[in-house]
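Biologist: Hi! I'd like to get to know this protein model a bit better. Could you walk me through it?
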Amino acid sequence: QQHIGALATGRSGQLLRDALPFVRIMQGQSVVISLCDTVLSDPAQQAQLVEDIALLFLLGVCPVVVHGMGGMAQRACGQARSSLVQQLNAAGVKALGLEGADANLATLAASSSALAKQINVEPELITLLQQNRMLPVLTALATDEKGGGHPFDPAVFAAQLAQQLKA
């Protein structure tokens with residue numbers, strides 16, 4: 001309590017007061033964050049990102065994090081996602097790691113060719129997690145009709161998810 005009071009009287013307090021109208025607008029709104037691969041491999045950038053995402057979450061915004069595989073093997077990518085989830089949890093956020101293949105969250109569109117992949121994103125699972133104040137951390141991976149996993153451009157994945165979530 002004293003720490004918050006000290007913040008409110010200094011320069012940080014002015015920044016918080018200036019940001020308050022925007023925070024009120026964003027409370028309860030989905031924000032999809034697409035991570036570039038360098039963030040996952042740079043501990044300093046990842047630590048700053050975790051602080052920023054945790055702050056958004058604690059202010060009532062509903063962030064969803066999407067990252068790619070960046071040439072990593074699926075196992076290494078899972079470890080990177082787990083590390084990010086652990087750091088978010090340590091920052092006071094209930095984070096949960098998933099990939100697009102989980103619960104058929106993202107499926108490769110039937111009309112997709114090898115050159116022009118498109119995905120269908122079903123946001124129900126994400127919405128359910130958000131309603132329960134959990135933060136999804138997703139690997140941009142889509143499944144095909146046979147259940148095979150296909151890495152997907154995280155920016156495109158995030159954009160399609162944001163559209164479905166009306167973020």
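Modeller: Happy to! Keep in mind that this is a predicted model. A good place to begin is the open sheet, where 4 strands line up in the order β1-β2-β6-β3 with parallel pairing.

Biologist: Which are the edge strands?

Modeller: Those are β1 (30-35) and β3 (95-99), and each of them pairs on one side only. On average, neighbouring strands in this sheet are turned by 20° against each other, ignoring direction.

Biologist: And over how many bridges do β3 and β6 pair?

Modeller: Strand β6, residues 135-139, pairs with β3 over 5 bridges, in the parallel sense. In that pair, Ala-95 stands opposite Leu-135 of β6.

Biologist: Which strands does helix α4 touch?

Modeller: Helix α4 (residues 43-58) packs on the sheet and touches β1, β2 and β6. The direction of α4 makes about 150° with that of β2.

Biologist: New topic! How many residues are in the largest nonpolar core?

Modeller: That core has 20 residues, and Val-32, Val-66, Ile-119, Leu-138, Phe-157 and Leu-161 have the most contacts inside it. Elements giving two or more residues to this core include β2 (62-67) and α7 (154-165).

Biologist: Where does the largest share come from?

Modeller: From α7, which supplies 5 residues.

Biologist: Nice. What is Val-66 in contact with?

Modeller: Leaving aside neighbours within four places in sequence, the contacts of Val-66 include Val-32, Leu-138, Phe-157 and Leu-161. There is also a second, separate core of 18 residues, with Val-50, Ala-80, Leu-84 and Leu-88 among them.

Key:
Residues numbered from 1 in each chain as written. Predicted model: local features only at pLDDT ≥ 70, side-chain atom pairs only at ≥ 80, totals over all residues. Heavy atoms only, no water. Core = buried A, V, L, I, M, F, W, Y, C linked by side-chain atoms within 4.5 Å. Buried < 20%, exposed > 50% of the residue type's maximum accessible area, 1.4 Å probe, protein only. Contact = heavy atoms within 4.5 Å. Pairing = 2+ DSSP bridges. Axes fitted to C-alpha atoms, helices over the stretch in contact; angles between N-to-C directions.
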